[in-house]
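User: Could you pick one part of this model and take me through it closely? I'm in my first year, so please explain the terms as you go.

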Amino acid sequence: MISIPHKTKQFLVLLIKILIVAAAFYFIYDQLANNDKLNWQKFIVLFQKNQSVSGISFILLLSVLNRYFEILKWQNLVQNIRNITIAQSTKQVLAALTAGLFTPNGVGEYAGKALFFNKSEAKKVIFLNLICNGIQMILTIIFGIFGLLYFNAQFNVITPKTVLSLVGICFLLFGILFFSKKINIKGYSIEKLIHKINEIPKSIHQRNILLGICRYIVFSHQYYFLFLAFDVDLPYLTLMSAITSVYFLASSLPTFQFLDFAVKGSVAIYFFGILGVNEWIVVFISTLMWFLNVVIPVVIGSYYVLNFKTRNIA
């Protein structure tokens, strides 16, 4: 093997860290400055009309809670390996979010968190992160299906026959998964995955689910309150069904974190267009959600990336 001098290694690590942070800030600036669908003049007029210190503080608080529940989830799951503090969990979550900004569906986040642990623990960390993100995806699917069914009952977007067909396909897929759980592919099987999941104490799983539900309630209602702030007056259940549907469908599409708002925005335009909501309002709210829940954490995470030590002890 080729041995890399220590100083060269330090320089390469520093270069990678600077590139990650620089790229993060470039993509953020590019998306905000060059999006022709963002009508800043209308936003400023509406902001001046409805500006409220308490309202802005409340929306910011929801962003803090959203990421805080994610930090608690990670701290809870990692205790299966070792106990970490809230500060350590914050550092790992935000640095990994920054590292995963440019990878499909935030895959880089898995490697980002693994870097804070010993190499021997890398597989466990990746598996725990899969559990962490997996429960959030399952909750998004559950809430999203109920939201879609309610939305469709109100507006008949798809026919009852299509709904039954989709339900049938879901049952078919679950059946295939159930009967093929013992099939091994390169030493891996669904049965082994279930066994590994069951090795984690039930108390950790229960807390993970509870925190996942809290996080979902927070960010979905942050979306809801932003619509209220933009003078969108619709019944609560109608608005929430559209929001849960948007999250469900947008999360099903492969995307990059830095394009997250564009994907959610495109899906949201369709659903809220049916409700008669102006397109620029939908785009702006999707962008604000992205800014509050991705951009701000990435800016903070950039600090942790730049201060990351190669001799990583969490």
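Analyst: **A close look at helix α9 and its surroundings**

Follow the chain along its sequence and you get the pattern α-α-α-α-α-α-α-α-α-α-α-α. Put as a tally, that is 12 helices and 0 strands, where helices (H or I, at least four residues) and strands (E, at least two) are DSSP runs numbered from the N terminus. Keep in mind that this is a predicted model, in which local features need pLDDT of at least 70, side-chain atom pairs count only at pLDDT 80 or more, and totals for chains, interfaces and linings use all residues. Residues are numbered from 1 along each chain as its sequence is written, and side-chain values use heavy atoms, with hydrogens and water left out.

First, a bit of background. Of the 314 residues in the chain, 42% are buried; buried means under 20% relative accessible area, exposed means over 50%, and partly exposed is in between (1.4 Å probe, protein chains only). Among the contacts with a separation of 6 or more, 75% join residues 24 or more positions apart, a contact being heavy atoms within 4.5 Å. The unreviewed UniProt entry also annotates "transmembrane region" for several spans, including residues 126–151, 209–230 and 236–254; such annotations may be inferred rather than shown by experiment.

Now to α9, starting with its meeting with α6. Helix α6 (residues 122–155) and helix α9 (residues 202–229) have axes that come within 9 Å and cross at roughly 55°. That makes the two helices oblique to each other: angles under 35 degrees count as roughly parallel, over 145 as roughly antiparallel, 65 to 115 as roughly perpendicular, and the rest as oblique. The axes are lines fitted to C-alpha atoms, for helices over the stretch in contact, and the angles run from 0 to 180 degrees between N-to-C directions. This α6–α9 crossing is right-handed; the near helix is turned clockwise from the far one by less than a right angle, whereas anticlockwise would be left-handed.

Which residues meet there? On the α6 side they include Ile131, Gln136, Leu139 and Phe143, and on the α9 side they include His205, Asn208, Arg215, Tyr216 and Phe219. If you're wondering about the spacing in such lists, an α-helix has 3.6 residues a turn, so residues three or four places apart point the same way.

What about α6 itself? It has 34 residues and reaches 48 Å from its first C-alpha to its last, close to the 50 Å expected at 1.5 Å a residue; that expected span is 1.5 Å times one less than the number of residues. Within it, the annotated stretch 126–151 is 100% helix and 0% strand, with its end C-alpha atoms 36 Å apart. Ile145 also sits in α6, and at 37% relative accessibility this residue counts as partly exposed. Its C-alpha is 9.5 Å from that of Leu249, which is 104 residues away along the chain. Just after α6 comes Asn156, with a positive phi near 50°.

Next, look at the other end of the story, where α9 meets α10. The axes of α9 and helix α10 (residues 236–251) come within 10 Å and cross at roughly 120°. That angle makes α9 oblique to α10, and this crossing is right-handed. The α9 side of the contact has, among others, Tyr216, Phe219, Tyr223, Tyr224 and Phe227, and the α10 side has Tyr236, Met240, Ile243 and Tyr247 among its residues. Notice two familiar names: Tyr216 and Phe219 of α9 also meet α6.

The loop between α9 and α10 holds Asp231. This residue isn't a glycine, yet it has a positive phi of about 65°. Most residues other than glycine have a negative phi, and most peptide bonds are trans. Is Asp231 buried, partly exposed or exposed? With a relative accessible area of 44%, Asp231 is partly exposed.

One more partner remains. Helix α3 (residues 53–78) has an axis that comes within 9 Å of the α9 axis, and the two cross at roughly 165°. That makes α3 roughly antiparallel to α9, and here the crossing is left-handed.

So, to recap the picture around α9: α6 crosses it at roughly 55°, α10 at roughly 120° and α3 at roughly 165°.
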